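Hi everyone, thanks for coming. I'd like to take you on a short tour of some side chains today, so please have the model open in front of you.

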Amino acid sequence: MTELTVLVPAYNEADGLADFHARLAAVLDTIPGTVRVLYVDDGSSDPTWDAITALGAADARVTGLRLSRNFGKEAAMTAGLDNVDADAVVVIDADLQDPPEVIPALIERWRAGYDVVYATRRVREGESGFKRLTSAAFYRVMEKLSDTPVPRDTGDFRLLSRRAVEALRQLRERQRFMKGLFTWVGYRQTAVVYDRHSRHAGKTHWNYWRLWNLAMEGITSFSTAPLRLATWVGVSAACVAFLYGLWVIIKVLAFGDPVRGYPTLLVVILFLGGAQLLALGVIGEYVGRNYAESKARPIYFIEDRLASRGDNRTDHARD
């Protein structure tokens, strides 16, 4: 019998969780086999855990994890994947931007033999033109820079087979960019196209600063192109400086030196200084990530577990 787990990371989603689960449950009722739902509360400051507990009391398929603090969505997804035991896992957000009604299409492609079935957005409702533009630019930059290109216009909404999940469990890096890791494990992958909706309740937690940091995480985790860029900037600056110095020597020999050129000298100094700072900044990003990895801290800690009513227990393990 097929076993399916739907993994739902949640952070401050108390207002919309009941509506989300109602739509999800309606879809799961049509899926044959054993189906469970695992909610991961990523250290919410609102009553999200209470909402998850209430859902567990009403629906025997619901289980839950509560992290000891807000570790971030990437860590919450990792915690969920570490604690599932199913033939396939569907990862979906709780804000109803990704419609649960797409899940049967993901399952159909999985049954056709694919290990990773990712949902690609055709339409992005409720987002500004600037956000759509920057998102499209990010995916295209990643496609050019990374040896493992991330599928365009694709988030975390996807289905993973058992062997894909087991492969992901072996990747224990602390600086995590899950969209890249999902692709990096390989196996047979395919897309299902869907229309993304506006957020159902609450407000997004992804401001432009957090999105910028996520983009930097993705680029530095899956590409060394910025380091090569810094090298080429340095080489280009050295070539320009050499040619300019050669031109100055020729000019002095041909026309003499009237003791001018302070503005030019200032521009050259500022240009070289800026190039050096750019290179140091890029190197610093990679050094900082190596430093974080070297400490080898756990990716997350679990404060509470909500078992299914079939197990009839709630424990308080700390991982």
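Let's begin with a polar contact: the side chain of Asp-115 meets the side chain of Arg-163 at 2.9 Å. Before we go further, please keep in mind that this is a predicted model. Where does Asp-115 sit? You'll find Asp-115 in the loop between helix 4, residues 103-111, and strand 5, residues 116-124. And is Asp-115 buried or exposed? Its relative accessible area is 7%, and the cut-off for buried is under 20%, so Asp-115 counts as buried.

There is another aspartate worth a look. Asp-98 lies in the loop between strand 4, residues 88-91, and helix 4. With a relative accessible area of 3%, Asp-98 is buried. Which residue does the side chain of Asp-98 contact? That would be Tyr-194: a polar contact of 2.6 Å joins the two side chains.

Now on to the aromatic rings. The structure holds two aromatic pairs. In one of them, the ring centres of Phe-20 and Tyr-39 are 6.3 Å apart and the planes meet at 80°, so this pair is edge-to-face. If you trace the chain, Phe-20 belongs to helix 1, residues 17-28, while Tyr-39 belongs to strand 2, residues 34-41; the two are 19 residues apart, and the pair links distant parts of the chain. Phe-20 and Tyr-39 are both buried.

The other pair brings back a residue you have just met. Phe-157 and Tyr-194 are also arranged edge-to-face, with 5.6 Å from centre to centre and 90° between the planes. Here too, distant parts of the chain are linked: Phe-157 is in strand 6, residues 154-161, and Tyr-194 is in strand 7, residues 189-196, 37 residues apart. How accessible is Phe-157? Its relative accessible area is 1%, so Phe-157 is buried. Tyr-194, at 3% relative accessibility, counts as buried as well. So, if you click on Tyr-194, look for both the ring of Phe-157 and the polar contact with Asp-98.

While we're on rings, let me show you two arginines. Arg-69 lies over the face of Phe-71, 4.0 Å from the ring centre. Over at Tyr-114, the charged end of Arg-188 sits above the ring, 4.3 Å from its centre.

Next, have a look at helix 3. How many of its ten residues are buried? Nine of them are, and the helix is mostly covered. Among the buried ones are Lys-73 and Glu-74, along with Met-77, Thr-78 and Leu-81.

Helix 3 also takes us to the last stop, a cavity. The structure holds one cavity of 30 Å³ or more, and the volume of this largest cavity is about 30 Å³. Which residues line it? They are Thr-78, Leu-81, Asp-82, Leu-168, Arg-169, Arg-172, Arg-176 and Met-178. Helix 3, residues 73-82, and helix 6, residues 162-169, each supply at least two residues of that lining. The largest share, three residues, comes from helix 3. For those of you who think in terms of chemistry, the lining has four charged residues, three nonpolar ones and one polar one.

That's the tour. If you'd like a place to start exploring, try the contact between the side chains of Asp-115 and Arg-163 again, and then go over to Tyr-194 and its aromatic partner Phe-157. Thanks for listening!

Conventions
Residues are numbered from 1 along each chain as its sequence is written. This is a predicted model: local features need pLDDT of at least 70, side-chain atom pairs count only at pLDDT 80 or more; totals for chains, interfaces and linings use all residues. Side-chain values use heavy atoms; hydrogens and water are left out. On a 1 Å grid over the protein atoms alone, a cavity is a set of points where a 1.4 Å probe fits but cannot get out, and a pocket is an open set with protein on both sides within 12 Å along at least five of seven lines; lining residues have an atom within 4 Å of a point. Grid points are joined across faces, edges and corners, and a volume is the space filled by probe spheres set on the points. Helices (H or I, at least four residues) and strands (E, at least two) are DSSP runs, numbered from the N terminus. Ala, Val, Leu, Ile, Met, Phe, Trp, Tyr, Cys and Pro count as nonpolar, Asp, Glu, Lys and Arg as charged, and the others, Gly among them, as polar. Rings of Phe, Tyr and Trp (its six-membered ring) pair if their centres lie within 6.5 Å; planes under 30 degrees apart count as stacked, over 60 as edge-to-face and the rest as tilted. Buried means under 20% relative accessible area, exposed over 50%, partly exposed in between (1.4 Å probe, protein chains only). A charge sits over a ring if NZ of Lys or CZ of Arg is within 6 Å of the ring centre and within 35 degrees of the ring normal. A polar contact is a pair of N or O atoms within 3.5 Å; within protein, one must be able to donate a hydrogen and the other to accept it, and residues adjacent in sequence count only if both atoms are side-chain atoms.
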